[in-house]
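User: I should like to go through the reasoning behind the labels attached to this model. Please set each value against its criterion.

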Amino acid sequence: MSTLSSALPDFPWDLLEPAKAVAAAHPGGIVDLSVGTPVDPVPPVVTAALTANANLPGYPLTAGTGEVRAAIAAWTAAACGASGEVGVLPTIGSKELVAWLPTLLGVRPGDTVVIPPVCYPTYEVGVRLAGATAVRTDALTAVGPDPRVRLVWINSPSNPTGRVLPAAHLRKVVAWARERGAVVASDECYLSLGWDTTPVSVLSDEVCGGDYTGVLAVHSLSKRSNLAGYRAGFVAGDPALVGELLAVRKHAGMIVPGPVQAAMVAALSDESHVAEQRTRYGARRERLRAALTGAGFEITHSEAGLYLWASRGEDCWKTVDWLAAKGILAAPGEFYGPAAGQHVRVALTATDERVDAAMQRLAG
Ligand SMILES: Cc1ncc(COP(=O)(O)O)c(C=O)c1O
């Protein structure tokens, strides 16, 4: 039997288990910087909204409540600089949308989807689930006039590299895709985490001028609001495309739970907890960056986002093992694309106490 899972890559994290076992055996305990999972508390303003809306026996709307739709629209206007009328739709975190977007848009075998050369693995997973072909490049000129391109993924700030695409680059991607009738999906889940530069949304007036034809922005509350456990995200952009996604998702039961929709309203209406969390990550970033540089690492890009993209100029698995011997776990660059074999990704999502431990070990 040919199974759908056989079309998918091996689950990469299983490959990290041996290094994890080595790191876990460190007498001071593991410092796990391999995954970008939030460790700080859910903001009280959000838990209050969740619990106040716990008694919701009926089915929630796939389209989202009027309140959550209004909160998403207001947020895209304020944080993304989108002055036009955007279509909005809550999603069950953003990973499911990334994995199913090609299928939901009707991308089929024989179609091509462009993804960044070094990127979050789920873009390729989504292409494979649709039976289509992924092309890894950020130089669209290399793709040429290929009429089979149906979708172009961009991710700025990038996971794992932290690279930010300037507005001029985003404008070119949008123009290129529109000429071919392809959709641009911009994954912007790290938008609030600019350090050395301010990331620009694809929805900003600088890029789209209020016309979102063929453009979708994908957002997540997991990182900005420590809500990875709630599964809260949304897609915003071209009203016709968002309407199409809604039409399919209604049938497929892809509904954000009602209490989570209420929590999203609270999270999107408050920027103070985002600023507070940003400050925590900023401090951890400075300390980890100094410790890695002091230990001989070179940090590339990393101007935004939740990771340091670090290299010792050697095979990434050698670096993973070197760090694991110090009780520190990082993700090998290879997980993110064949072009990243000499980097490791170091997440900023560890408590201050664990960051201190990592610093001491890197200095020793
Ligand atoms: C680039 C990128 N997109 C999407 C996601 C998915 O996040 P979530 O499903 O928690 O919204 C992640 C998670 O790490 C990510 O790094």
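Analyst: The model is a predicted one. A convenient point of entry is alanine 185, whose bridge partner in β7 is leucine 216.

User: What makes β6 and β7 a pair of strands, and in which sense do they run?

Analyst: Two strands pair if at least two bridges are found between them. Strand β6 (residues 183-187) and strand β7 (residues 215-220) share 4 bridges, in the parallel sense. The criterion is therefore met.

User: Which sheet holds these strands, and what is its order?

Analyst: They belong to an open sheet of 7 strands, ordered β2-β8-β7-β6-β5-β3-β4, in which the pairing is mixed. From one strand to the next the twist averages 20°. Helix α3 (residues 66-80) packs on this sheet and touches β2, β7 and β8 (233-237). The direction of α3 makes about 115° with that of β2.

User: Why are β2 and β4 called edge strands?

Analyst: β2 (87-91) and β4 (133-136) each have a single partner strand, so one side of each has no neighbour in the sheet. In general, strands of a sheet pair through backbone hydrogen bonds, either parallel or antiparallel.

User: How do you know which strands stand at the edges of the sheet of 4 strands?

Analyst: That open sheet has the order β9-β10-β13-β12, with antiparallel pairing. β9 (298-300) and β12 (331-332) each have a single partner strand, so each is left without a neighbour on one side. β9 pairs with strand β10 (residues 307-311) in the antiparallel sense over 3 bridges, and the partner of glutamate 298 in β10 is serine 311. Helix α10 (residues 272-294) packs on this sheet, touching β9, β10 and β13 (344-347), and its direction makes about 5° with that of β10.

User: Why are α10 and α12 called roughly parallel?

Analyst: Helix α12 (residues 352-363) packs against α10 at an angle of about 15°, the axes being 9 Å apart. Angles under 35 degrees count as roughly parallel, so α10 is roughly parallel to α12. The crossing of the two is left-handed. On the α10 side, the contact is made by Arg284, Arg287, Leu288, Ala291, Leu292 and Gly294. On the α12 side, the residues are Asp352, Val355, Ala358, Met359, Leu362 and Ala363. By class, the contact of α10 with α12 divides into 8 nonpolar, 1 polar and 3 charged residues.

User: What makes α2 and α9 roughly antiparallel?

Analyst: The axes of helix α2 (residues 44-52) and helix α9 (residues 258-268) cross at roughly 150° and come within 8 Å. Angles over 145 degrees count as roughly antiparallel, and α2 and α9 therefore receive that label. α2 passes α9 in a right-handed crossing. Val45, Val46, Ala49 and Leu50 of α2 are in contact with α9, whose contributing residues include Pro259, Ala262 and Val265. The contact has 10 nonpolar residues, with no polar and no charged ones.

User: How do α4 and α5 cross, and which classes of residue make their contact?

Analyst: The axes of helix α4 (residues 95-104) and helix α5 (residues 122-129) come within 7 Å and cross at roughly 35°, in a right-handed sense. Among the residues in contact are Lys95, Trp100 and Leu101 of α4 and Tyr123, Val125 and Leu129 of α5. By class, the contact of α4 with α5 has 9 nonpolar, 3 polar and 1 charged residues.

User: What makes certain backbone angles in the loops worth noting?

Analyst: Most residues other than glycine have a negative phi, and most peptide bonds are trans. Asparagine 226, in the loop between β7 and β8, has a positive phi of about 55° although it is not a glycine. The bond from serine 156 to proline 157 is cis, with omega near -10°. Asparagine 159 and proline 160 are likewise joined by a cis peptide bond, with omega about 15°. Proline 157 lies in the loop between β5 (149-155) and α6 (167-180), and proline 160 is found in the loop between β5 and α6.

User: Where does the UniProt record place a domain, and how far apart are the ends of that span?

Analyst: The unreviewed UniProt entry places "domain: Aminotransferase class I/classII large" at residues 30-362. The end C-alpha atoms of that span lie 13 Å apart, and the span is 39% helix and 16% strand.

Conventions. Residues numbered from 1 in each chain as written. Predicted model: local features only at pLDDT ≥ 70, side-chain atom pairs only at ≥ 80, totals over all residues. UniProt positions renumbered as here; feature names shortened; annotations may be inferred. Axes fitted to C-alpha atoms, helices over the stretch in contact; angles between N-to-C directions. Parallel < 35°, antiparallel > 145°, perpendicular 65-115°, else oblique. Left-handed = near helix turned anticlockwise from the far one by under 90°. Contact = placed C-beta atoms within 7 Å. Nonpolar A, V, L, I, M, F, W, Y, C, P; charged D, E, K, R; others polar.
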